[in-house]
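Trainee: Got a minute? I'd like to go through this chain with you.

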Amino acid sequence: MKLKALIVLLCFYQFVFGQTKNEKEERITESEFPEAAIEVIKGLPNDCKRLRFYKETDGKKQSFEVKFKYKRKRYSLEFSEDGVIEDLEVLTKFKLLSERVKVKINDYFKDSFKKHKIIKLQQQYVYSVELNAITFVNNIVKNTSSEAPNLEIIAEVKSDKERDVREFTFNPLGEFVNFRILNTTSYEHVLY
């Protein structure tokens, strides 16, 4: 019986630590960005401000990200190494979510942890190849998208014995999807 419990514990331990996110961002120049991504970026509205280019490494995966401001909102557009859009994230505030979604998310945190503190919240629009990349981006930026975004929450949580920083994903209804433990030193390195 003890052997079974030990095996289950080891599998769980491996799963949890296999989900650690060691993200590092490095600022780069536009010329270091994939050409296909540059074509999409050229399709952004002319009055986008503070365009910043980054190369992001998360373990073995490498991607590219452009961050910008448009009409007082902060956006992060992520591309694969080949320049294909992965997602577009919009920084937002918890208080702006619908009451129903806020209650579901708060209930999840209260039921799962002794304490929690939300550090950052983003609406995450995952790209689907059925839509033209420039149209996808402009629909979100100009607030005409009918797609409901996932919610990506970075929170500090405390359980009985541990305190850590995690990145949680919730679906558009506020239902928990998954989480990854963030390496706090890598999170401190995130540039925005």
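Trainee: How much area does the chain expose?
Mentor: About 12,100 Å², with carbon and sulfur atoms supplying 51% of it. That is Shrake-Rupley with a 1.4 Å probe; for residues, only the protein chains shown count as cover. This is a predicted model: local features need pLDDT of at least 70, side-chain atom pairs count only at pLDDT 80 or more, and totals for chains, interfaces and linings use all residues. Residues are numbered from 1 along each chain as its sequence is written, and side-chain values use heavy atoms, leaving out hydrogens and water.

Trainee: And what share of the residues is buried?
Mentor: 41% of the 192 residues. Buried means under 20% relative accessible area, exposed over 50%, partly exposed in between (1.4 Å probe, protein chains only).

Trainee: Which secondary structure elements are there?
Mentor: Five helices and nine strands. Those are DSSP runs numbered from the N terminus: helices are H or I with at least four residues, strands E with at least two.

Trainee: New topic. Where does Arg-50 sit?
Mentor: In strand E2, residues 49–58. Arg-50 is partly exposed, because its relative accessible area is 46%.

Trainee: What about Ser-80, buried or exposed?
Mentor: Buried, because its relative accessibility is 15%. Ser-80 lies in the loop between strand E4 (73–79) and strand E5 (85–92).

Trainee: Which residues does Ser-80 touch?
Mentor: Pro-34, Phe-64 and Glu-86, leaving aside residues up to four places away in sequence. Contact means heavy atoms within 4.5 Å.
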